[in-house]
Every structure is written in structure tokens, then in C-alpha cells.
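Here are a few short exercises to work through with the model open beside you. Try each task before you read its solution.

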Amino acid sequence: MKPSQLLYGLDDRPPALVNGFLGLQHVSIIAISFVMPILLVHEGGGTTLQITFIISMSMLAGGIGVIAQALRSGPVGSGYLCPQVCGPSFLAASVLCVKTGGLPLVFGMTACAGVIEALFSRVVHKLRVLFPTEVTGLIVTMVGITVVKLAGRNFLSLDSSGTINTAGLSVGIITLMLMVSLNVWSKGNFRLFCILIGIVGGYLAALGSGQLTPSEIKAAMAHPLIWNPIAHHPGWSFDATLVLPMGIAVICSSLKSVGDLTTCQKINDTEWKRVDLASVQKGILADAVGCFTAGILGGFGQSTSSSNIGLTIATGVTSRSVAFSTGGILIILAFCPKLSGIFAVMPPPVVGATLIFAVGFMIVAGIQIIMSRMIDSRKTFVIGLSIIFGLTVDMLPHAFMDLHPWLKAIFSSSLSAATISALILNLIFRIGIKSKASLIISSENPYSQSIVEFMERQGGAWAARPEVIKKATAATSEYMEAIGGSSKLGEATSITIFFDEYNLDVVIRHPGKIPELSHRAPEPEALLEPDGVLQMAGFLVRSLTDRIESKTSNGKATTRLHFEH
């Protein structure tokens, strides 16, 4: 069901002109990721021509990737607006490749990474145990937190010594406030294009304050209007010893994609309950298409973009038709370096403000996913310790500098470290948790309090949805109320609950007969009768439960209350 806050939902089609500008807005955020191939070429001692080439090919691969991701029929594509960018997860492994065999080895191993990711997509649906909702929410949260360091450094315009450039900071503040103001206090096209308008305002402020100089603009305009980047392709090479570090980068990138695609699912469905791994599987395969294409064409490894998803939340536009305009613009820009050069000179404070604006929505979305489940001490440790381990990588980067190159992909970012920690801790803390639990009702203790404590304890251990646990608790208590007049409460009365991610069943066994569980509420005058309260309790049980099954045998009744989870 389309959420009310969306202006254009998945299947809506914005007007052509609006669609084009929305695509351009997404491209402006994608352009920020081109810092990755620039860093890569610098590490390999490359030239400006190589930088222009790899950025162009990354644009082309990203354009193909975002279109593939938006497909909704066939084995490829999640059907969501989820653009691809130059993935930071691939940086450490790509640097290792460029230092070993230059750009040809980078491209060959990137294509190999696309194959590995495609193979991973075939089995991800069988790994549901690794991705409970709370772990997925943690990944989404860390996706946003990981970008904070880069966003803050650019927003504050820090120089090499860590000193704040006040003029640059002013540009960042102007850009951010313009975006926020348009998003919060405006309507229509001003809200739709709040980031694009903010970026234009940021460029103008940067020109006025000297943060963007005419010479930089002239250098960007020095590129030809049209060129054939494929003619500059250096070829490919392969090194089997680099399959493992590139494979680790792929896993980290894929896990990030799980979080991104989960966010897409949640923001497009008001009735979202859990991760749809079938959609994620197709989405990761689309991600693999973009990554493999980048390797073949000569671009940087591609991954889903969290910042662009934040943009869809902020603007309320998740239409998949915008994915096609975004992909089309990227493909055109790949052959027009003069136009793409405009994004290449985006001032750092404008970059920082744009990231801060978009990433804030991702962090909140992740927290909402986590809090959609009940959290006990085990889940608290999984989430809390993983966040701490992840942030340690950002706060104490020097502690991980001497790791083996194969492990650097894991500890290259707080996202990778937190995700791996969460997966391991989740498996460890699953030890001792059973899929069923039982409670014997004692006549010595109030059964209502015992049921509440029992349900809350198990709901937290299973990370169940709190609203389902509340319904089950209320229905079970009302059932116990209903049998109070037909059996001796507390005599051999047991409650057993069974749980999986999709179902919660409460099985109540008690002596005596099955109480009346009416589909209709008793008349007001019936409530004054001796059994009026029992009739109302039976009606409430029926109202709170999705399905009821009852039977009697040897003077004992067994009732199963089923709740869809």
C-alpha cells in the first residue's frame, strides 16, 4: 500500500520534465562518489586522462545498473528506485589491485567481483537466519553513520591540518539550510527539487566566497563536449590471489545492499513487516550486473547508494520511472565530459551539506526498523556491541593499519566492521533460544501477570513485533478469563507458544470444555448476567486472534490461537 507521505509512489509517473529534473537531482548525489575512482587512480600514480576515463565508465556502468535495479519482471531487479554509485566497500581491494597490476587488474578483478556477487545473490534467500529484522535495521543505520565522517569533513571544509575553513563552512550552512527549508516549509516542485536547488545555491555561494574559482570552472569546461572513452580502455588482467580480498569486498557491499533494499521496501509499503528476501535476491543480482559491467567497461565497482535512498525519503518520490531518467542521464554524461565536469568541481562544503541532508533520513529509517522489534538483552548486545565495534574503526583507524590486506576490506569502514560483528554476534546469541516455550499456570500467582511477563520475555528473545505480542498477550489473558467459569483455573493448565518469523501460535491446554468464543459481542443487558463477563472475554479472544482451532479429548480442551507475524 502506497504511504501517504509519498508524492510519487513506485508505479506513479511524474510529468516528463519533472522526471528529468528528479533524475538530474539523483545524478548530483551520485557524482559525489566519484571521489573513489579519483583516489584509486592517484594511488596507482595515474594520469588525468585515466581519471576522466574511469569516471566516464563508472557513469555508464552506474546508468546501466540503476535501470537494471528498477526492473520488476524477470530474475534481475528489485523493482525499486535504488541508484548505484562507486562503492566505498571496493576501495581497499581496488587499491591493492592497482598497486599489484595497475588499472587492467582493477578492471579484471571488478568483473570477477560482479560474478561473485551474482553467485551470492543465488543463495542469499537461504540465509534468512543471518538477516533478522533488527540486524538489517542495524545495517541501515550504520550505512548512514559511515558517511558522517566524510560528510562532516567536507561540510566543515577541513584542511590537511584539521582546521575549519570558515568561508567554506558558511557555504555548507547556506546549502544545508536551503535544502532543509525547502523540504520542511515548501510544497510542490520546491520540495521535490530541494536538493537540486540547494546545490545550485551552494555553487553560487561558493563562487561568491572564493570556494569555487573561475579557473576550476574553466578547467572543467576544457574537456571536449563529446568523446569516446572506450577507445582509452587499457584492457584487463586477472590474479587468483586477489579473489579472496575482492570477495570480502563483495560480501560487505552486498550486505550494505541488503540494508538499502530493505529501506526501499519499508518506505514503499505502509504494511511492511519484514525483509522480502526474494526482492533482495533480485536486487543484489542487479547490483552484480552493475559491478560486472563496470569491470568490463573500465569503471569502479558499483554498489547501491544509501544517500540516494535518503533523497527519495526526503522528497517523497520513489517512482521507478525516475530510475530510467537517472540511468539515461548517466549514460549520456559518460560520453559528454564537458557536462560531467560540472559535477567534478562540486565544492566540498556543498558535498558535505548534501550528504548530511540525505544521510539523516537513512539513520532514522534504520532506527525505525530496529525499533519495530522487541529487544531483549541478547539483541541489545548484538546491536550495541556491533555499533561500538564499527565506530571504533572510524575513531581509531591507526589500530587497523597493519592488518593483512585480505582483512582490510572488513575494517576499511565502520559499516563493514559493524555488519560482520552483528552477523557473528547474532549467531552466537541465538544459542539457547528455542522456537517454543511453555508456561504452567499456578493458582498461587495471578495468571494475568504471569502471562504478561512470559510473553514479553519471549517476545524480546525472538525479536517479535511488539504489536503482535500485545495482541497475543491480551487474547491469552481473555481466554483464561473465559475458562474461569468452566474449569478449575490453575489445575493442569498450560500455555505453549511457538514462533517463527511469519507465525506466532499460542496453544492453551486446560481441563473442562472449550469456552464460547463468539463472533458477536454480547448485548449490553447480557453483561449483567452471571456469565456476561465470560461471554465478553470469549468475544475479545475471537476479535484479537487471526485464527482459532479447538478440540477436546479425555476431558481436556486444547485451543490454538494463531497470529500472523
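The exercises below deal with ring pairs, a charge over a ring and one threonine, all in a predicted model.

**Exercise 1.** Classify the aromatic pair of Phe 21 and Phe 193, and work out which parts of the chain the pair ties together.

*Solution.* Start with the geometry: the ring centres are 5.8 Å apart and the planes meet at 65°. Planes over 60 degrees apart count as edge-to-face, so this pair is edge-to-face. Next, place the residues: Phe 21 belongs to helix α1 (residues 16-30), while Phe 193 sits in the loop between α7 (189-192) and α8 (194-209), so the pair joins parts 172 residues apart in sequence. Finally, check accessibility: Phe 21 is partly exposed at 38%, whereas Phe 193 is buried at 10%.

**Exercise 2.** Do the same for Trp 462 and Phe 499: what type of pair do they form?

*Solution.* Here the centres lie 5.2 Å apart with 5° between the planes, and the pair is stacked. Trp 462 is in helix α19 (residues 447-462) and Phe 499 in strand β4 (residues 494-499), 37 residues apart. Both Trp 462 and Phe 499 are buried.

**Exercise 3.** Find the ring that the charged end of Arg 560 sits over.

*Solution.* The ring is that of Phe 498, with the charged end 5.5 Å from its centre.

**Exercise 4.** Describe the surroundings of Thr 419: is this residue buried or exposed?

*Solution.* First, locate Thr 419 in helix α18 (residues 414-429). With 4% relative accessibility, Thr 419 is buried. Its side chain reaches the backbone oxygen of Leu 415 at 2.7 Å. Leaving aside residues up to four places away in sequence, Thr 419 touches Ile 139 and Leu 255.

Note on methods. Residues are numbered from 1 along each chain as its sequence is written. This is a predicted model: local features need pLDDT of at least 70, side-chain atom pairs count only at pLDDT 80 or more; totals for chains, interfaces and linings use all residues. Side-chain values use heavy atoms; hydrogens and water are left out. Rings of Phe, Tyr and Trp (its six-membered ring) pair if their centres lie within 6.5 Å; planes under 30 degrees apart count as stacked, over 60 as edge-to-face and the rest as tilted. Helices (H or I, at least four residues) and strands (E, at least two) are DSSP runs, numbered from the N terminus. Buried means under 20% relative accessible area, exposed over 50%, partly exposed in between (1.4 Å probe, protein chains only). A charge sits over a ring if NZ of Lys or CZ of Arg is within 6 Å of the ring centre and within 35 degrees of the ring normal. A polar contact is a pair of N or O atoms within 3.5 Å; within protein, one must be able to donate a hydrogen and the other to accept it, and residues adjacent in sequence count only if both atoms are side-chain atoms. Contact means heavy atoms within 4.5 Å.
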